[in-house]
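Welcome! Please take a moment with the sequence and the structure before reading on.

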Amino acid sequence: MIKTNNLKKDFDGFTALTDVSCTIPKGCIYGMVGSNGAGKSTFLRLITGVYRPDKGTILIDDQPVYENPEVKSKMTYVPDELYFLQGANMNRMADFYKAIYENFDNERYHFLTNAFGLNPKKSLGTFSKGMKRQAAIILALSCRPDYMFFDETFDGLDPVMRNLVKSLICKDVIESKVTCIITSHSLRELEDICDQLALLHKGGLVLESDIYNLKTSQFKIQVAFNYDYTEELFKGIDVHNIKKIGSVTNMIVKGSREATVKILEELNPIILEVLPLTLEEVFTYEMDALGYNFDDILK
């Protein structure tokens, strides 16, 4: 389990992260989204002990992280800006990882290298951006860690490779109860893989929620009537957002779908549809409720 409390990190007078508190349970895929400069990379570097927090605490399995080799031996971190030893190929990097991680799985390393179609004897300097990221992911997964941290994991990967990486991460989480944090600029990249999702903005944690509850606790209704009406017609329904164009009304509703549909059916609509919400729509309405403009945050 990962616990952070009131994390803060400054750089030469610039506050990169402030008062971030969260609890990430074991065996969870925790997604973090936000624009450039929101604090995602800083958060991961604090979690992995690259940076020391200026304020607050970080505990992994109830132990502090910074300058703690025992805790760090349980984690792998694939940063946004990748680094490999000068002139190294994948096999040399694998030998380097083996010297650090006692659980390094050589059989898995060779299996994944073949699955991704990479040449482990070829210099990493000749690899494309996407191939380098694939190599870094293969090395991280081969360490068999308890904690995995990925910064902009899918950047540079084609759709096939994205799906393969997602499947591998999910497999480790399900079978080995690995805890994983993934950052991204895109909600669409994360909504089909994460258990929990957090939104960072200007160094602060603006919104955090369980994805299943977030997506199932509210839904979209499209309804129309052949008579004049106002919003007063929808008394008894927990409406969070409503827009009327002519005789058609679109609204976001929280609560029971069955109870909502029953109320609306009694009003004799000529159109009544219950539509699912995308995660982006859910976050947009949640941010509106908190007084934030979601589109501006992710610009």
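What follows is a short tour of the domains, one helix residue and some aromatic rings.

Do keep in mind that this is a predicted model. The domain assignment of the protein chain gives two parts: domain 1 covers 2–202, and domain 2 covers 214–297. Taken over C-alpha atoms, the centres of domain 1 and domain 2 are 38 Å apart.

Let us start with Arg108, which has its place in helix α4, residues 106–116. Arg108 has a relative accessible area of 8%; because the cut-off for buried is under 20%, Arg108 counts as buried. Leaving aside residues up to four places away in sequence, Arg108 touches Leu141, Ser142, Arg144, Leu168 and Asp172.

Now to the rings. A pair of aromatic rings is described by the distance of the centres and the angle of the planes. Eight aromatic pairs turn up in a search of the whole structure, including the two tabulated here, both edge-to-face.

| Pair | Centre to centre | Angle between planes |
|---|---|---|
| Phe96 and Tyr97 | 6.2 Å | 75 degrees |
| Phe225 and Tyr229 | 5.0 Å | 70 degrees |

How exposed are the partners? Phe96 is partly exposed, with a relative accessible area of 39%, while Tyr97 is buried at 18%. Phe225 and Tyr229 are both buried. Ring pairs also join Phe225 and Tyr229 with Tyr227 and Phe234 in a cluster.

Tyr229 has a charged partner too: Lys244 lies over the face of Tyr229, 4.7 Å from the ring centre. Elsewhere, the charged end of Lys166 sits over the ring of Phe154, at 5.3 Å from its centre.

Notes. Residues are numbered from 1 along each chain as its sequence is written. This is a predicted model: local features need pLDDT of at least 70, side-chain atom pairs count only at pLDDT 80 or more; totals for chains, interfaces and linings use all residues. Side-chain values use heavy atoms; hydrogens and water are left out. Domain bounds come from an automatic or database domain assignment. Helices (H or I, at least four residues) and strands (E, at least two) are DSSP runs, numbered from the N terminus. Buried means under 20% relative accessible area, exposed over 50%, partly exposed in between (1.4 Å probe, protein chains only). Contact means heavy atoms within 4.5 Å. Rings of Phe, Tyr and Trp (its six-membered ring) pair if their centres lie within 6.5 Å; planes under 30 degrees apart count as stacked, over 60 as edge-to-face and the rest as tilted. A charge sits over a ring if NZ of Lys or CZ of Arg is within 6 Å of the ring centre and within 35 degrees of the ring normal.
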